[in-house]
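Me: I've got this model open and would like a close look at one part of it, along with whatever connects to that part. Keep it informal, but don't skimp on detail.

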Amino acid sequence: MSRYRRYNDICVGKEDGGSHGDVVLGCHDAEIAQLSKITSSPHERLSKVVPCKARLPVSPVKMLAGRECNYSGRGRFSLADSCHILSRYLPINGPSDIDKMNSCAYVSQFSADGSLFVAGFQESHIRIYNVDHGWKVQKDIRARSLRWTITDTSLSPDCRLLAYSSISPVVHIVDVGSATKESHANITEIHEGLEFSSNTDDYEDYSFGIFSVKFSTDGQDLVAASSDESIYVYDLEAKRVSLQIKAHKSDVNAVCFADETGHIIYSGSDDHLCKFILVWDRRCFDTREKPAGVLMGHLEGITFIDTRGDGRYFISNGKDQAIKLWDIRKMSSNVEYTSFRRYAEWDYRWMSYPGHVRNMRHRDDLSVATYKGHTVLRTLIRCHFSPANSTAQKYLYTGSADSCVYIYDLVSGDQVAKLDFHEDTVRDCHWHPFYPMMVTSSWDGAIARWEFPGSGYSPTPVRQSRRRR
């Protein structure tokens, strides 16, 4: 059987007569479309400042005039009014260089209040920048027990602690608020190690690695995704692993809490089967260690998961070159789901994605939307929702192996912007939680800042020839 036919059977489901079709881009879920409209539409009186038919979007001048005349009766803008204005100002102007290192940049992350920015690099470097003070380096961290690269970082909700992980069974904690600027592990400052494995062999080779780590919203727990097919929850107060779940059948690449309660966990993996996402309810583990449900849809491994924060919707980036939007209320209760063989001849680390399967759809696809245009190759590229406070999360954005950043409209699925500056793969990018500003990190070692047009900022970056791959 040819490779095309074998992979086509996985997508189509000819073994049991399953139906299929090409992927339909954009969101056709009425509820998320209505939710997006409500959270980013202005008050109806503000949209009728002059006597004419209301048209969206409403100009900022009309919005300001309506506010000054108190047409809404509130005397101020609501969050939806603010998002209606700010969501039109995309961070597409620039960029300017924040920093440039001689090693690949892997991680970008703003703090929850936007005052700090964390960048993680391959050669054991993590830098924390003070955004409110001209992007000065507040802390320069030299990581401990680094293997290959910094795989992930996570700031605690109060911005006091930073957790960082590597291809190692130990996650380290750094005190962000200390006076020490040059933080060299166990030389100038103690980096507390949290052990996620008791197997001594895991410390001597590359058999155990942690690819994703996240603080809970109360700062009491860390959840981690590991290469031993497991999810770990670490209790920071008790200083021990409180929960280990044998979650998948291959590397677990992505994990996160669903909302601020911390009860629900999403995980995505590199299973040798067709890919699915597991939804875990921590409240049920006393009676059974099985997922609450599964979500099938990706044709290849999952590289990242980002939650909308409402306990219902989240997105995932996949090696099938697609972002998918999920509603956990549509998940399957068939936790023993058995899928089919994957396209074993293809490896995303050094091969292009086969063109003849790019638009195929999983026969049991439970996602509510699919977004395509970017490229997921070479590394675990990340995707995110745009901020709730400035855009009402009406956009999705992702890095890409073609050195660009792509921004998609949540409802229509249209590509609304493409940021092209870097010379190599953009693994991560992060939108400021309140301002129309985005920071991108690339394997060319550059950390770049993008802002919206008209901000008074007009850099003229020097473009170099792209690095030969």
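What follows is about the largest pocket and the elements around its lining. Which residues are the closest to the centre of the largest pocket, and which strands and helices each supply at least two residues of its lining?

Reply: Sure, and keep in mind throughout that this is a predicted model. Some background before zooming in: the protein has 469 residues, with 59% of them counting as buried, and they're arranged with five helices and 30 strands. Among contacts with a separation of 6 or more, 57% are between residues 24 or more positions apart. The exposed surface comes to about 20000 Å², and carbon and sulfur atoms supply 48% of that.

Now the pocket. Its volume is about 1200 Å³, and 41 residues line it, with Q109, A112, D306, T307 and H430 closest to the centre. As for who builds the lining, the elements that each put in at least two residues are β3 (105-110), β7 (152-155), β12 (210-215), β16 (252-257), β20 (302-307), β24, α5 (388-391) and β28 (426-431). Several of those are good starting points for looking further out.

Take β24 to begin with. This strand belongs to an open antiparallel sheet of four strands, ordered β24-β25-β26-β27. β24 (383-385) is at one edge and β27 (415-420) at the other; each has a single partner strand, so each has one side without a neighbour in the sheet. From one strand to the next, the twist averages 15°. Towards the β27 edge, five bridges pair β26 (residues 404-409) with β27 in the antiparallel sense, and there you'll find Y406 opposite K418.

Next up is α5, another contributor to the lining. This helix is one of the elements that the buried residues of α4 pack against, the others being α2 (30-40) and α3 (60-68). On α4 (residues 79-86), the buried residues are A80, D81, C83, H84 and I85. In the loop between α5 and β25 (395-398) sits Q393, which isn't a glycine but still has a positive phi near 60°. Is Q393 buried or exposed? Its relative accessible area is 11%, so it counts as buried.

β28 leads into a second open sheet of four strands, also antiparallel, with the order β2-β30-β29-β28. Here β2 (93-100) and β28 take the edges; with a single partner strand each, they both have one side left without a neighbour in the sheet. Ignoring direction, neighbouring strands in this sheet are turned by 25° against each other on average. In the middle of that order, β29 (residues 437-442) and β30 (residues 446-451) pair antiparallel over five bridges, and T440 has A448 as its bridge partner. The β2 edge has a backbone detail to check: the peptide bond joining G94 and P95 is cis, with omega about 5°, and P95 is in β2 itself.

From β20, follow the chain into the loop that runs to β21 (313-318), where you'll meet D310. D310 is partly exposed, at 31% relative accessibility. Leaving out neighbours within four places in sequence, D310 has contacts with L35, A258 and D259. D259 is 51 residues away along the chain, yet the two C-alpha atoms are 5.8 Å apart.

β7 has a loop of its own to offer: C159 is in the stretch between β7 and β8 (161-165). C159 is another non-glycine with a positive phi, about 65°. With a relative accessible area of 14%, C159 falls under the 20% cut-off and is buried.

One last stop, away from the lining list: β5 (residues 125-130). Six of its six residues are buried, so β5 is largely enclosed by the rest of the structure. H125, R127 and Y129 point one way, while I126, I128 and N130 point the other. That fits the usual pattern, since side chains in a regular strand alternate between the two faces of the sheet. On one side of the story, β4 (residues 116-121) pairs antiparallel with β5 over five bridges, with V118 bridged to I128; the hairpin has three residues between its strands, and S124 there takes a positive phi near 65°. Then six bridges join β5 to β6 (residues 136-142), again antiparallel, and Y129 has V137 as its bridge partner. That hairpin has five residues between the strands, with G134 at a positive phi near 70°.

How values were computed
Residues are numbered from 1 along each chain as its sequence is written. This is a predicted model: local features need pLDDT of at least 70, side-chain atom pairs count only at pLDDT 80 or more; totals for chains, interfaces and linings use all residues. Side-chain values use heavy atoms; hydrogens and water are left out. Two strands pair if DSSP finds at least two bridges between them. Axes are lines fitted to C-alpha atoms, for helices over the stretch in contact, and angles run from 0 to 180 degrees between N-to-C directions. Buried means under 20% relative accessible area, exposed over 50%, partly exposed in between (1.4 Å probe, protein chains only). Contact means heavy atoms within 4.5 Å. Accessible areas come from the Shrake-Rupley method with a 1.4 Å probe; for residues, only the protein chains shown count as cover. On a 1 Å grid over the protein atoms alone, a cavity is a set of points where a 1.4 Å probe fits but cannot get out, and a pocket is an open set with protein on both sides within 12 Å along at least five of seven lines; lining residues have an atom within 4 Å of a point. Grid points are joined across faces, edges and corners, and a volume is the space filled by probe spheres set on the points.
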